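Student: I have a model open on my screen and would like a close look at one single part of it. Could you pick one piece, walk me through it slowly, and then show me how the rest is arranged around it?

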Amino acid sequence: MRARSPVAALALALATLASLACAGQRPAPSPARASIDASHTWARLLHGLPGTWTASSERGPALEVSYRLVSRGSALLETFGASPAEQTLSVYHPDGRGLMLTHYCAQGNQVRLRASEASAERVTFTYLDATNVGPGQSVMHELVFVLGPDTLDRTEVYRAQDGSAETSVLHFVRR
C-alpha cells in the first residue's frame, strides 16, 4: 500500500467528517417529470409570447411584461414590471415533454412551478418548491396563461405562510 501525501490524507479526512456530519440528512428527492405532454404548449409559447405586452391597472400606471427567447431558443425569459429595482424575472423551459418555470420574485425568493394543465390556448403552472422565502412572504402557487392572437390573460395566485391566498387577474394586449 502506498503512503498518502499530506494533502490527500487531509482531503480524505475532511470528506469523511463531512459524510459523518450529513449522515442523518437525506438529499431532497428530485421532482418527478410531468405526467402531461406540454410540448405543443411550449411551441405555442415560443411563437406567441415573444414581444412586449401591456395591461392597464386600477392601482396605478400600466403594467408591462416582455418575453424573449434565450439560450438558443431553449428558454423563454419573462421580464415583468417597468421599474428595474422591482422587476421580476421568470424563466420558462421544457422538462422532457413537460414545462417548468422558475420565478425570481422581487421579494427575493425563487419559486419553481410545473405545468399541470396544458393546451394550445391555456397553461396552468402549479407550485413545486421555493427557496429563500423570508418570514411573512407569500409565494406564487399558481400561474395561468390564456393566450389569444394578440391578448394574454394572466392569473396569479400567491399563498401566504398562513395559507391565505391572493389572486390577481391581468389582461394584456400586445404592444
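Tutor: Happy to; what follows is a walk along one strand, its partners, and then the core and the hollow spaces elsewhere in the chain.

Please keep in mind that this is a predicted model. To get your bearings, the protein chain holds two helices and ten strands. Their order along the sequence is α-α-β-β-β-β-β-β-β-β-β-β, with both helices ahead of the strands. Of the 175 residues in the chain, 31% are buried. As for contacts between residues at least 6 apart in sequence, 38% of them join residues at least 24 apart.

The part I would pick is strand β5, residues 98-104. Is this strand enclosed or open? Six of its seven residues are buried, so β5 is largely enclosed by the rest of the structure. The cut-off behind that word is a relative accessible area under 20%. As a rule for reading any such element on screen, the side chains of a regular strand alternate between the two faces of the sheet.

Now look at its partners. On one side is strand β4, residues 88-95, which pairs with β5 in the antiparallel sense over seven bridges. One place to find this pairing is Pro94, whose bridge partner in β5 is Leu99. The two strands form a hairpin with two residues between them, and here Gly96 has a positive phi near 65°.

The other partner is strand β6, residues 110-118, which runs antiparallel to β5 and is joined to it by five bridges. Here you can use Tyr104 as a marker, since Gln110 of β6 stands opposite. This pair is also a hairpin, with five residues between the strands. In that turn Gly108 takes a positive phi of about 100°.

Thr88 is a good residue for seeing how β4 meets its surroundings. Thr88 belongs to strand β4, and its relative accessibility of 11% is why it counts as buried. Leaving out residues up to four places away in sequence, Thr88 touches His103, Tyr104, Cys105 and Ala106, as well as Glu78, Thr79 and Phe80. The Tyr104 in that list is the residue you have just seen opposite Gln110.

From there, move to the core. The largest nonpolar core has 29 residues, and those touching the most other members are Leu49, Tyr67, Tyr92, Phe125 and Phe145. Strand β8, residues 139-147, supplies the largest share of this core, with five residues. Tyr67 is worth clicking on: beyond its neighbours within four places in sequence, its contacts include Leu49, Tyr92 and Phe145. Others among its contacts are Pro50, Gly51, Trp53, Leu152 and Arg154.

Pro50, one of those contacts of Tyr67, sits in the loop between α2 and β1. Its relative accessibility is 27%, so Pro50 counts as partly exposed. Apart from residues up to four places away in sequence, Pro50 touches Leu45, Tyr67, Leu69, Leu76 and Arg174. If you would like a distance to check, the C-alpha atoms of Pro50 and Val65 are 10.0 Å apart, with the two residues 15 places apart along the chain.

Next come the hollow spaces. The largest pocket has a volume of about 850 Å³. Of its 29 lining residues, Arg59, Leu63, Phe80, Ser168 and Leu170 are the closest to the centre. The Phe80 there is also among the contacts of Thr88. Elements giving two or more residues to this lining are β1 (51-57), β2 (60-70), β9 (151-159) and β10 (165-174). The largest share, six residues, comes from β10. Sorted by class, the pocket lining has twelve nonpolar, ten polar and seven charged residues.

The whole structure has one cavity of 30 Å³ or more, and about 40 Å³ of space lies in it. Residues lining this cavity include Thr41, Arg44, Leu45, Ser119, Glu121, Phe145 and Leu147. Two or more lining residues come from each of α2 (39-48), β7 (122-131) and β8, and α2 gives the most, with three. By class, five of the lining residues are nonpolar, two are polar and three are charged. Two names link back to earlier stops: Phe145 is one of the core residues listed above, and Leu45 is a contact of Pro50.

Notes: Residues numbered from 1 in each chain as written. Predicted model: local features only at pLDDT ≥ 70, side-chain atom pairs only at ≥ 80, totals over all residues. Heavy atoms only, no water. Buried < 20%, exposed > 50% of the residue type's maximum accessible area, 1.4 Å probe, protein only. Helix = DSSP H or I, 4+ residues; strand = E, 2+ residues; numbered from the N terminus. Pairing = 2+ DSSP bridges. Contact = heavy atoms within 4.5 Å. Core = buried A, V, L, I, M, F, W, Y, C linked by side-chain atoms within 4.5 Å. 1 Å grid on protein atoms, 1.4 Å probe; cavity = no way out; pocket = protein on both sides within 12 Å on 5 of 7 lines; lining within 4 Å. Points joined across faces, edges and corners; volume = space filled by probe spheres on them. Nonpolar A, V, L, I, M, F, W, Y, C, P; charged D, E, K, R; others polar.
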